[in-house]
Amino acid sequence: GGSAITNYDLHICLSAAHDPTGAAFYNWTGSTATSKSFTGQPRGTTFYAAVRAQNGAGTGDWSSWYQFQLPHTAPDKPAAPTLNSKTSTSVNVTISDPAYVGAGVTERQVDYSTKSDFSSNVNTVPSGYGSTFPISGLTRNTPYYVRHRVKNAIGWSAWSDALAVTTSVDKP
């Protein structure tokens, strides 16, 4: 309107039906900056933004809503597996999904090895067990290391820390 812009107001909401004149999810007002960093929010969440400008003649109308979504990423690193039971030739472990999995877990992988760094002797447990994985055919009185990871539509998580477990010794 002929006068230089003196301030901008930005409201970010979780719904386009939200009235930007009321309390917004995020309210940034009275700035001359033309960009704003929006960090620390949940991945995959849809947000709606509206902006208005102010000058010497007053405050303008709110813009139309702009919809945006923070991108999903691969799942977070899961916690180490936990031991349910063991025998001289088997172990039974439970895994849990990490706090953030994104658009949903599409695959799980459980590996075990006699090497703590998984540099060799790595075996993958067949999938299809849900959160409990029986591992059989092991050598008695032998240390094993078990780790897991999960996958979503974006990719694989990092490997969990390993669970160290030694199979039992047969009783004489």
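This short talk describes a three-stranded sheet and one loop residue in a predicted model.

Good morning, colleagues. Let me begin with the sheet. Its 3 strands are arranged in the order β6-β7-β10, the sheet is open, and the pairing is antiparallel. At the edges lie β6, residues 82–86, and β10, residues 132–136, each of which pairs on one side only. From one strand to the next, the twist averages 25°.

I turn now to the individual pairings. Strands β6 and β7 are joined in the antiparallel sense over 4 bridges. Between β7 and β10, which also run antiparallel, there are 5 bridges. Please look at Val91 in β7, which stands opposite Lys86. In β10, Val91 has Ile135 as its bridge partner.

That residue brings us to the side chains of β10. In a regular strand, side chains alternate between the two faces of the sheet. Along β10, Phe133 and Ile135 point to one face and are buried. Thr132, Pro134 and Ser136 point to the other face and are not buried.

Finally, let us consider Ser96. Where does Ser96 lie? Its place is the loop that runs between β7, residues 90–94, and β8, residues 107–113. Ser96 is partly exposed, because its relative accessible area is 39%, between the 20% limit for buried and the 50% limit for exposed. Which residues does Ser96 contact, leaving aside its neighbours within four places in sequence? They are Pro78 and His148. Leu14, by comparison, is 82 residues from Ser96 in sequence, and the two are 30 Å apart in space, C-alpha to C-alpha.

Thank you for your attention.

Definitions and conventions. Residues numbered from 1 in each chain as written. Predicted model: local features only at pLDDT ≥ 70, side-chain atom pairs only at ≥ 80, totals over all residues. Heavy atoms only, no water. Helix = DSSP H or I, 4+ residues; strand = E, 2+ residues; numbered from the N terminus. Buried < 20%, exposed > 50% of the residue type's maximum accessible area, 1.4 Å probe, protein only. Contact = heavy atoms within 4.5 Å. Pairing = 2+ DSSP bridges. Axes fitted to C-alpha atoms, helices over the stretch in contact; angles between N-to-C directions.
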